[in-house]
Amino acid sequence: MPERLSFHIKRDSALHHLNPLTKLLLVLTLILTAFLAPFYWTPHILAVLFIPLLSMLGKVGREYFSTAIRLILPAATFLFAMQAFFQPVGEEIIFEFYFLDITRESFLFAFSNAMRIVVMVSAFTIFLLTTHPSELMSDLTRRGLPGQFAYVIISTLQILPQMQAKAQTIISAQRSRGLETEGGFFKRAGALVPLIGPLVFGSLVEVEERAIAIEARGFTSKHVKTSLHEIPDTSTDKLLRWFLTALILASIGLRIWLS
Amino acid sequence: MFNKIKGNFNTQTWVLIPIAIAINIAVGQIVVLLKLPVYLDSIGTVLVAVLCGPWAGALTGALTNIIWGLAIDPNALPWWPVAFFIGYMAGRMAQWGFFKSWWKVAVTGFVVALTAAVVSTPIAVYIYGGITASGSSFITAYLLQTGQGIWQAVFSTGFLVEPVDKITTAMIAFAIILGLPKRTVGGYPKPEQVEVEGGSKNELYIALGVVVLLILIAAFVLRGILGG
């Protein structure tokens, strides 16, 4: 169980050295173009060509592909199958299986939709692989994001693995006392209370203590806080951000113009 | 407006939000493990909403889906507006005094479910073309096969699935608040919203009656949507 939920891999690459905000804008651009660009092939080219190249550029190619196969591909395939079979569009049937059928239109629709989801998730994956969460948060705080938001994100990433570990402990403990977590519906529903009760009450008790602790460390103080790490923001970053903004506007414009 | 939003957030709110997000996700996973036909992935959101206010609840909901989507299941990501409005609506209902006894909590759950169904419909239609990656899409697919329009089919599915889930969620959240010491509850911005009203012995029976009534109303409305 990792101490903190983070995908970040420390490497020395062009992507790692970009400012976090630039990378966030890059992710947004990729998603918006995939969803908005009026050409059928846009999401496919982005997913198959551009994003793998981007992961190579960030020197996280191996990690990216393993995540893609383990996480992204199954989700996309499932979505594709659901939509291809159940989307009620089109006449021309190209595949039949008992009462299920795939038409040409539903096949194309499902495929491009799955690809869009792949683009969305892969873009975020590469972002998370090359950006440390605290780096992102301190950069955004410097730009005016309230410190409380940064606290919420960072501490969620810390608490979540702890909570999951705690849940696992509670499940094992209750099972060893003879709690049945399998079997009939009412047995399983009855198991809910002894499992989530200790978990929820146990974590809510900590709230007051934590609040006093961070209050004592100037959590609500209005003064500007200094940071130990300086996050670079070069002129290349600024140029790239203008370029990406232009791309987003262009794809929105094309969409409106062509439809 | 801005001051009202600010009133939702004190230090204890900020500390509760990450814990609530973790509760959402951890309980959601326990429910999957128990193979129960509900999600129960917004207990933390409802807790924050009734103890701190609608805006804090909305923030918790949205962040839950964003973090869930980025870290565990990418398909959770597009649904953040639904979680946002679940938190917001639960907070509003609590503000109107609907979180003080079992039957009122059931009504809150029902209203929240309705909100969730309404907000999730355009997302399902525009992003997924009606068929999402969730199991309830089999109902949508069936309704589409019977010749329903896509909007009716998707909305009816939400209307069928949500109430059970959200009423249970609201009731569990209420049970948790009942179990918390008064001192802890008092530290949040809106402790007066969860002051339990005069305990009649028939409380639970009234609540059950209300739930049955709500389900009947739901069935009636559904018949209206689907055209008899």
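**Warm-up.** What volume does the second largest cavity have?

*Solution.* Let's start small: in this predicted model, the second largest cavity takes up about 70 Å³. Its lining is made of A:Leu15, A:Lys23, A:Leu26, A:Val27, A:Leu30, A:Leu54, A:Ala123, A:Ile126, A:Phe127 and A:Thr130. Next, sort these residues by class: eight are nonpolar, one is polar and one is charged. Finally, look for the elements behind them: helix 2 (20-36) and helix 5 of chain A each supply at least two residues of this lining.

**Exercise 1.** Find the cavities of 30 Å³ or more, then describe the lining of the largest cavity.

*Solution.* Step one is the count: the structure holds three cavities of 30 Å³ or more. Step two is the volume, which for the largest cavity is about 150 Å³. Step three turns to the lining, where 13 residues take part; A:Val121, A:Thr125, A:Leu128, B:Gly69 and B:Leu70 are the closest to the cavity's centre. Step four assigns elements: helix 4 (61-86) and helix 5 (104-130) of chain A, along with helix 4 of chain B, give two or more residues each. Helix 5 of chain A has the largest share, with five residues. Step five is the class tally: ten nonpolar residues, three polar ones and no charged ones.

**Exercise 2.** Work out where the largest pocket lies with respect to the domains of chain A.

*Solution.* First, get the domain bounds: the assignment for chain A gives domain 1 (14-131 + 230-258) and domain 2 (146-216). Taken over C-alpha atoms, the centres of these two domains of chain A are 34 Å apart. Now turn to the pocket, which holds about 1,800 Å³ of space. Its lining counts 49 residues, and those closest to the centre are A:Met137, A:Thr141, A:Leu145, A:Gly147 and A:Ala150. Both domain 1 and domain 2 of chain A give residues to this lining, so the largest pocket lies between them.

Then bring in the helices. Helix 1 (14-17), helix 6 (133-142) and helix 7 (147-176) of chain A each supply at least two lining residues, as do helix 1 (2-6) and helix 4 (54-71) of chain B. Helix 6 of chain A gives the most, with seven residues. By class, the lining of the largest pocket has 22 nonpolar, 18 polar and nine charged residues.

**Exercise 3.** Describe the contact between chain A and chain B, and name its salt bridge.

*Solution.* Begin with the residues: 55 from chain A and 54 from chain B take part in the contact. As a reminder, the size of an interface is often given as the accessible area lost when the parts come together. Here the two chains bury about 4,800 Å² between them, and 80% of that is on carbon and sulfur atoms. For charge pairing, the count between chain B and chain A is one salt bridge. The partners are B:Arg183 and A:Glu208, whose closest N and O atoms are 3.0 Å apart.

**Exercise 4.** How many salt bridges does the whole structure have over all chains, and how far along helix 6 of chain A are A:Asp139 and A:Arg142 separated?

*Solution.* A search over all chains finds eleven salt bridges. One pair to inspect is A:Asp139 with A:Arg142, a salt bridge with its closest N and O atoms 2.9 Å apart. Now place the pair on its helix: A:Asp139 and A:Arg142 are three residues apart in helix 6 of chain A, which means about one helical turn separates them. To link back to the pocket, helix 6 of chain A is also the element that gives the most to the lining of the largest pocket.

Definitions and conventions. Residues numbered from 1 in each chain as written. Chains lettered and ligands numbered in written order. Predicted model: local features only at pLDDT ≥ 70, side-chain atom pairs only at ≥ 80, totals over all residues. Heavy atoms only, no water. 1 Å grid on protein atoms, 1.4 Å probe; cavity = no way out; pocket = protein on both sides within 12 Å on 5 of 7 lines; lining within 4 Å. Points joined across faces, edges and corners; volume = space filled by probe spheres on them. Helix = DSSP H or I, 4+ residues; strand = E, 2+ residues; numbered from the N terminus. Nonpolar A, V, L, I, M, F, W, Y, C, P; charged D, E, K, R; others polar. Domains from an automatic or database assignment. Contact = heavy atoms within 4.5 Å. Buried area = accessible area lost by both parts, 1.4 Å probe. Salt bridge = Lys/Arg side-chain N within 4 Å of Asp/Glu carboxyl O.
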